[in-house]
Amino acid sequence: QVQLVESGGGLVQAGGSLRLSCAASGRTYSRAAMGWFRQAPGKEREFVAAISRSGISTYYADYVKGRFTISRDNAKSTVYLQMNSLKPEDAAVYYCAATGSTYYSGSYVSTQSSYDYWGQGTQVTVSS
C-alpha cells in the first residue's frame with residue numbers, strides 16, 4: 001500500500017513557476033515508478049510526467065517537455081514536479097500516482113491504468 005499527499009499548488013501568473021510535492025508513505029514506494037497527471041475542468045485526466053524508482057529515467061508529455069521537471073528524493077519518500085513558464089492551459093488539478101510494479105517504460109508510465117495508488121490532487125491556477 002502507498003498513501004500519497006500532494007502539496008504546493010496555488011495561483012500563479014502566466015510565465016511563473018510552482019513546485020509541487022508528493023509525500024508518499026508505505027512499503028512499496030521505493031519500488032514504484034511515480035507519475036504526475038492533471039485534469040482541467042471538463043477535460044479528461046491526462047499524463048504529465050513520470051519517473052522510475054531509481055530516479056534515473058524520466059518521461060514527459062510533449063506539452064510540458066522543456067518546461068516541467070520531475071524528480072524524486074527516495075530518502076524523503078517525496079516526488080517533485082517543478083513547473084516553469086506556466087501557461088493558462090496548465091491550470092488543472094494535479095495528481096500524484098504510484099505504480100504497483102517495478103516495471104518501467106514510457107508507454108507504461110504514461111498510461112493511467114498502470115497506476116494503483118493516487119493522491120487527492122492539488123489545484124494549480126494560472127492567470128493570464
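A disulfide is a pair of cysteine sulfur atoms within 2.5 Å. The exercises below apply this and other ideas to a predicted model.

**Exercise 1. The disulfide**

Find which cysteines form a disulfide, and work out its handedness.

*Solution.*
- Step 1. The structure holds one disulfide.
- Step 2. Its partners are cysteine 22 and cysteine 96, with sulfur atoms 2.1 Å apart. The cut-off is 2.5 Å.
- Step 3. The torsion about the S-S bond of cysteine 22 and cysteine 96 is about -80 degrees, so this disulfide is left-handed.
- Step 4. Cysteine 22 belongs to strand S3 and cysteine 96 to strand S9, so the pair ties together parts 74 residues apart in sequence.
- Step 5. Cysteine 22 has 0% relative accessibility and counts as buried. Cysteine 96 is also at 0% and counts as buried. Buried means under 20%.

**Exercise 2. The four-stranded sheet**

State the strand order of the open sheet, then name its edge strands.

*Solution.*
- Step 1. The order of the four strands is S1-S3-S8-S7, and the pairing is antiparallel.
- Step 2. Strand S1 (3-7) and strand S7 (68-73) each pair on one side only, and these are the edge strands.
- Step 3. On average, neighbouring strands of this sheet are turned by 15 degrees against each other, direction ignored.
- Step 4. Now take S7 and strand S8 (residues 78-83). Six bridges join these antiparallel strands. In one of the pairs, serine 71 has tyrosine 80 in S8 as its bridge partner.

**Exercise 3. Strand S11 and its partners**

Determine which strands bridge to S11 in the parallel and antiparallel sense, and describe how its side chains point.

*Solution.*
- Step 1. Strand S2 (residues 10-13) pairs with S11 in the parallel sense, over four bridges. Glutamine 13 has serine 127 in S11 as its bridge partner.
- Step 2. S9 and S11 run antiparallel and are joined by three bridges. Here tyrosine 94 is matched with threonine 122 of S11 as bridge partner.
- Step 3. Side chains alternate along S11. Thr122, Val124 and Val126 point to one face and are buried. Gln123, Thr125 and Ser127 point to the other face and are not buried.

**Exercise 4. The nonpolar core**

Identify the residues with the most contacts inside the largest nonpolar core, and list the elements that give two or more residues to this core.

*Solution.*
- Step 1. Start with a general tendency. In soluble globular proteins, nonpolar side chains tend to be buried together.
- Step 2. The largest nonpolar core here has 38 residues. Leu4, Met34, Trp36, Leu81, Met83 and Tyr94 have the most contacts inside this core.
- Step 3. The elements that give two or more residues are strand S3 (18-25), strand S4 (34-39), strand S5 (46-51), S7, S8, strand S9 (92-99), strand S10 (115-118) and strand S11 (122-127).
- Step 4. Look closer at leucine 4. Leaving out residues up to four places away in sequence, leucine 4 touches residues including Cys22, Met34, Cys96, Tyr117 and Trp118.

**Exercise 5. Two serines with positive phi**

Locate serine 77 and serine 85, and decide for each: buried, partly exposed or exposed?

*Solution.*
- Step 1. Most residues other than glycine have a negative phi.
- Step 2. Serine 77 is not a glycine, yet has a positive phi of about 50 degrees. Serine 85 also has a positive phi of about 50 degrees.
- Step 3. Serine 77 sits in the loop between S7 and S8. Serine 85 sits in the loop between S8 and S9.
- Step 4. Partly exposed lies between the 20% and 50% limits. Serine 77 is partly exposed, with a relative accessible area of 22%. Serine 85 is partly exposed too, at 43%.

**Exercise 6. Two polar loop residues**

Describe the surroundings of aspartate 90 and serine 101, beginning with burial.

*Solution.*
- Step 1. Aspartate 90 lies in the loop between S8 and S9. The relative accessible area of aspartate 90 is 1%, so this residue is buried.
- Step 2. The side chains of aspartate 90 and arginine 38 share a polar contact of 2.9 Å.
- Step 3. Beyond its neighbours within four places in sequence, aspartate 90 contacts Arg38, Arg67, Phe68, Ser85, Val124 and Val126.
- Step 4. Turn to serine 101, in the loop between S9 and helix H1 (106-109). Serine 101 is partly exposed, at 25% relative accessible area.
- Step 5. The side chain of serine 101 reaches the backbone nitrogen of tyrosine 103 at 2.9 Å.
- Step 6. Not counting residues up to four places away in sequence, serine 101 touches Arg31, Ala32, Ala33 and Tyr108.

Technical notes
Residues are numbered from 1 along each chain as its sequence is written. This is a predicted model: local features need pLDDT of at least 70, side-chain atom pairs count only at pLDDT 80 or more; totals for chains, interfaces and linings use all residues. Side-chain values use heavy atoms; hydrogens and water are left out. Two strands pair if DSSP finds at least two bridges between them. Axes are lines fitted to C-alpha atoms, for helices over the stretch in contact, and angles run from 0 to 180 degrees between N-to-C directions. A nonpolar core is a set of buried Ala, Val, Leu, Ile, Met, Phe, Trp, Tyr and Cys residues joined through side-chain atoms within 4.5 Å. Buried means under 20% relative accessible area, exposed over 50%, partly exposed in between (1.4 Å probe, protein chains only). Contact means heavy atoms within 4.5 Å. A polar contact is a pair of N or O atoms within 3.5 Å; within protein, one must be able to donate a hydrogen and the other to accept it, and residues adjacent in sequence count only if both atoms are side-chain atoms.
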